[in-house]
Amino acid sequence: MNDHQAWERGARLMAALHDRLPHGVRQQLGTVLADYRRHKGEMLALTLATGSGGICRACGGQCCQNGKYRFSGLDFLSLLEQQTPVPAPDFARKPFCPYGDADGCRMAAPFRPLDCVLFICDAIADRLEEPATHALARLEQELRQGVRRAEALLGQRLGQPLLLLAEHPDGTDLPRR
Ligand code: SF4
Ligand code: SF4
């Protein structure tokens with residue numbers, strides 16, 4: 001299975017999983033995902049407040065290389081739940097991230113992969129001070145807890161990369177097409 005096939009398979013798997021959720025579970029998942037998006041947005045806002053935009057432009061996005069495994073099953077469900085179009089990955093951009101383009105990431109801050117949101121390079125970390133560092137640590141805990149909550153709710157390892165979930169689904173029946 002190549003990357004594109006794995007992506008398609010993973011997307012179908014997550015859509016099928018979401019489609020057949022009982023109403024109550026879907027509502028609970030919606031609450032978890034709303035927090036997941038909000039916490040990501042708050043975390044990125046705190047790093048942007050350091051002036052990271054200019055630093056990242058000068059850097060050229062070194063941390064956005066080889067990003068194909070960062071997008072998780074839960075990141076996919078977060079887009080799906082909001083009926084937000086999922087950016088079609090371009091795996092031919094390797095080593096650059098398939099979810100980015102010349103202008104940077106194609107996903108809005110609350111939808112970016114958790115791994116991307118949590119990563120803070122030294123250049124940004126050097127500019128962080130209290131109380132931002134404390135707030136970032138708290139938000140990281142909240143985000144990781146959100147992943148665990150969603151995984152427990154759906155009985156799937158949703159924090160895993162979508163491309164790997166496609167190859168090793170946790171017993172989820174994948175509709176054949
Ligand atoms: S977060 Fe750090 S490594 Fe990533 S683009 Fe910005 S400056 Fe570069
Ligand atoms: S998903 Fe976006 S933020 Fe993450 S590595 Fe790719 S382009 Fe960068």
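**Exercise 1.** In this predicted model, determine which residues are around ligand 2 and how they divide into nonpolar, polar and charged.

*Solution.* Begin by listing the shell: the residues around ligand 2 are C64, G67, R70, C97, Y99, G100, C105, M107, R112, P113 and C116. Next, sort these residues by character, which gives seven nonpolar, two polar and two charged.

**Exercise 2.** Take C105 from the shell around ligand 2, and work out where C105 is placed, which residues C105 is in contact with, and whether C105 counts as buried, partly exposed or exposed.

*Solution.* First, locate the residue: C105 belongs to strand β2, which covers residues 104-105. Second, set aside the neighbours within four places in sequence, after which the contacts of C105 are C64, Y99, G100 and R112; each of these four names also appears in the list around ligand 2. Third, count the surroundings: C105 has 18 C-beta neighbours inside 10 Å, and because a residue is buried at 20 or more and exposed at 12 or fewer, C105 counts as partly exposed.

**Exercise 3.** Find the residues that surround ligand 1, the elements that give two or more of them, and the character of this shell.

*Solution.* Start from the list, in which ligand 1 is surrounded by S52, I55, C56, C59, G61, Q62, C63, C121, A123 and I124. Two or more residues of this shell come from α3 (52-59) and likewise from α6 (122-125), and α3 gives the most, with four residues. Finally, sorting the shell around ligand 1 by character yields seven nonpolar residues, three polar and no charged.

Definitions and conventions. Residues are numbered from 1 along each chain as its sequence is written. Chains are lettered from A and ligands numbered from 1 in the order in which they are written. This is a predicted model: local features need pLDDT of at least 70, side-chain atom pairs count only at pLDDT 80 or more; totals for chains, interfaces and linings use all residues. A residue is near a molecule or strand if its C-beta atom, placed from the backbone, lies within 6 Å of it. Ala, Val, Leu, Ile, Met, Phe, Trp, Tyr, Cys and Pro count as nonpolar, Asp, Glu, Lys and Arg as charged, and the others, Gly among them, as polar. Two residues are in contact if their C-beta atoms, placed from the backbone, lie within 7 Å.
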